[in-house]
Structures are given as structure tokens and as C-alpha cells.
Amino acid sequence: MPAQDVLLLDLRDGIAVVTVNRPDKLNALNDEVFAALAGVVAQVEADPAIRGVIVTGAGGKAFVAGADIAELAGQTPAGAEARARRGQGLFRRLERCGKPVVAAVNGFALGGGCELAMACHLRVAARTARFGQPEVKLGILPGYGGTVRLPRLVGRGRALDILLTGRMVDAEEALRIGLCDRVVEPEAVLAEAEALLRGILAMGPAAVRQVIEAVDAGCTAGIDDALAGEAVRFGLLAGTEDMREGMAAFLAKRPPEFRGR
Ligand code: COA
């Protein structure tokens with residue numbers, strides 16, 4: 001299958017819908033998918049017409065069932081470390097692309113799939129979705145950020161439960177512990193992800209970007225540094241037309257018209 005076909009990109013009125021497209025392999029992430037995803041992330045970063053991103057998987061069964069185990073099977077220690085760095089770097093770029101990213105988790109989100117979903121800013125899950133980090137069952141650990149993002153999302157104890165047992169987490173539990181943000185019927189996942197994202201895109205774009213960056217920076221900083229960073233961003237936004245428009249619209253009891261300036 002040619003590289004462009006393993007990843008589909010559909011531009012819909014400011015939203016890039018990115019679909020991992022290997023349904024016969026439950027959308028497992030192989031080298032071709034990674035190469036294509038790197039190209040798409042670069043496009044998302046560079047194209048001002050793309051204002052938000054949805055990531056999903058093709059077919060009704062899986063979001064992404066993990067890294068492609070057939071490719072992992074023969075890896076050497078140096079190759080495996082390089083593979084982890086590549087995956088981590090790409091997911092980090094997606095997380096820091098400057099635009100809101102929503103995962104539409106339409107089925108299994110296991111291993112690298114769970115890690116991809118966690119690198120997105122928000123997760124909408126099908127009622128039938130299953131999350132998990134089953135790497136211990138393969139004698140490895142999650143290498144694309146799973147040991148780092150999962151405890152940040154759900155807390156250390158719950159993360160260790162999921163990471164050490166390799167068990168699957170159903171959508172209701174994922175919602176309860178903060179691993180996903182919405183649960184809907186399977187046929188509604190993409191529409192719900194789009195509605196959520198369109199709602200965010202109706203806000204001031206600079207404010208949205210600053211919130212994402214403040215939370216990203218604040219999660220790893222000490223409380224005083226995080227608060228200082230928040231104050232700086234608060235000041236930056238006070239210099240935007242969008243802040244004046246947002247407040248003027250509130251006071252005039254009309255909807256705001258943000259221009260991204
Ligand atoms: N890498 C490579 N191939 C994968 C894969 C992965 N992570 N996950 C699924 N596939 C392939 C299967 O090998 C199978 O291919 P085949 O039809 O050529 O034999 C196909 O996708 C369908 O999967 P199958 O296992 O038959 O479906 P199932 O409904 O019986 O089970 C899962 C679904 C998700 C429970 C099972 O596929 C699974 O455990 N996958 C691996 C999950 C994992 O460990 N991910 C972390 C990897 S680091």
C-alpha cells in the first residue's frame with residue numbers, strides 16, 4: 001500500500017481529520033504510518049488554514065491497536081531506543097503544534113494507540129472503545145510516552161495499575177478516571193469530536209493556544225514557576241484585539257467575532 005494511503009487527510013472547513021488507515025491490521029503504527037504522520041504534522045504546523053485537528057482510525061474496530069508488533073519483533077536495543085525517540089518526538093510535535101487536537105477513539109486504543117490518544121489534547125471515545133498499555137505482556141514498556149502521560153492524566157496509582165497489568169480499560173472507566181473526556185455511541189464519535197473542536201475554534205485562537213501551552217508548561221513546572229508563566233500569558237493576551245472583542249461582546253450582550261489578532 002503506498003505511503004499516502006496508510007494515512008488519510010481530509011480538510012474540512014479549518015479542521016484536518018487525520019485517519020490512520022490500516023484497518024486490516026487494526027491501524028497498527030508501522031514505519032509508513034509514522035513517515036506519513038510526520039508529513040501531516042508538519043503541514044498542520046505550517047498551514048494557517050488548519051485551525052484544529054481530529055485524529056481517528058479507519059474501520060469500526062480500532063483507533064490504533066499499537067505499534068506494529070511485526071516491526072518491533074526483530075528490533076535491537078539501539079534500534080528500539082531510536083524508535084522510541086522517533087515516536088515520542090512525533091507525538092510531542094503533535095501535542096505542541098499550536099492548534100487544538102482531539103482524538104476520536106472509535107475502538108481499540110492500545111499501546112502506541114493509547115499513547116497517540118493521550119498526546120491529543122482531548123479524547124472523545126466510542127462506548128465500545130478500549131484503552132490500554134499491554135506492552136508488559138510483550139516484555140517491553142510503552143515507548144511513546146505512555147509511562148509519562150498516563151500518570152499525568154489519571155494519577156500515579158491508576159497509571160501503575162494499567163501499566164503493570166496490561167489490562168484493557170473500557171470507555172466508562174476511562175471517562176471516570178480522566179483517560180477520556182466524552183463517551184458517545186460509536187456512530188457519533190467523529191461528529192462529537194468535530195462538535196467539541198468547533199466549539200473550541202469559536203473561542204479566541206490566541207487564548208486557546210495560550211491555555212494549551214500554559215497547561216503543558218504548568219504540568220511540569222513547580223507551582224510558583226507555573227503561576228508566573230500563567231501571569232505572563234495573561235498579560236500577553238491583554239494585548240490582543242480578541243480580548244477587547246470578547247469583553248466588548250459580553251458587555252454588549254452579543255456573540256464575539258474573534259479575528260485571531
Ligand atoms: N501490530 C501488528 N499487527 C496487529 C496489531 C499490532 N499492534 N494489532 C492487531 N494486529 C493485526 C493482527 O495480527 C491481525 O492480523 P492478521 O489478520 O494478518 O492475523 C489483525 O490485526 C486483526 O487482529 P486480531 O488479533 O486478529 O483481532 P482480535 O479481534 O482477535 O484482537 C486485539 C484484537 C486488539 C485484542 C489484538 O489484535 C491485540 O491484542 N493486538 C495487539 C495489541 C498490543 O499489544 N498493542 C501494543 C503493541 S506495542
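## A buried strand

A residue is called buried when its relative accessible area is under 20%. In this predicted model, five of the five residues of strand β5 (residues 101-105) meet that condition, so the strand is largely enclosed by the rest of the structure. V101, A103 and V105 point one way from β5, whereas V102 and A104 point the other way, and all are buried.

Strand β5 has paired strands in the sheet. Strand β3 (residues 52-57) runs parallel to β5 and is joined to it by three bridges; here V55 of β3 stands opposite A103 of β5. Strand β7 (residues 122-126) also pairs with β5 in the parallel sense, over four bridges. In that pairing, V105 has A125 of β7 as its bridge partner.

## The sheet as a whole

Strands of a sheet pair through backbone hydrogen bonds, in either a parallel or an antiparallel manner. In this structure six strands form an open sheet, arranged in the order β1-β2-β3-β5-β7-β10, with mixed pairing. Strands β1 (7-12) and β10 (182-184) stand at the edges; each has a single partner strand, so one side of each is left without a neighbour in the sheet. From one strand to the next, the twist averages 20°.

The partner of the edge strand β10 is found by following the order of the sheet to its end. Strands β7 and β10 run parallel and are joined by three bridges. Within this pairing, V124 stands opposite R182 of β10.

## Helices α3 and α4

Helix α3 and helix α4 (residues 112-119) pack with their axes 9 Å apart, at an angle of about 30°. Angles under 35 degrees count as roughly parallel, and α3 and α4 are therefore roughly parallel to each other. On the α3 side, the contact is made by F91, L94 and E95; on the α4 side, it is made by G112, E115, L116, M118 and A119. By chemical character, the residues of this contact divide into five nonpolar, one polar and two charged.

## Helix α9

Helix α9 (residues 205-220) allows a simple check of length. At 1.5 Å a residue, its 16 residues should span 22 Å, and the C-alpha atoms at its ends are 24 Å apart, which agrees. The expected span is 1.5 Å times one less than the number of residues.

Which residues of α9 are buried? They are V208, Q210 and I212. These buried residues pack against three helices, namely α3 (77-95), α8 (189-201) and α10 (223-237). Helix α3 thus appears in the packing of α9 as well as in the contact with α4.

## Two buried arginines

Is R22 buried or exposed? With a relative accessibility of 11%, R22 counts as buried. This residue lies in the loop between β2 (15-20) and α1 (31-46). When residues up to four places away in sequence are not counted, R22 touches V6, N27, A28, N30, V33 and D68.

R83, by contrast in its setting, is found in helix α3. Its relative accessibility is 16%, and R83 therefore also counts as buried. Leaving aside neighbours within four places in sequence, R83 is in contact with D31, E71, L72, Q75 and Y144.

Terms used: Residues numbered from 1 in each chain as written. Predicted model: local features only at pLDDT ≥ 70, side-chain atom pairs only at ≥ 80, totals over all residues. Heavy atoms only, no water. Buried < 20%, exposed > 50% of the residue type's maximum accessible area, 1.4 Å probe, protein only. Pairing = 2+ DSSP bridges. Contact = heavy atoms within 4.5 Å. Axes fitted to C-alpha atoms, helices over the stretch in contact; angles between N-to-C directions. Parallel < 35°, antiparallel > 145°, perpendicular 65-115°, else oblique. Nonpolar A, V, L, I, M, F, W, Y, C, P; charged D, E, K, R; others polar.
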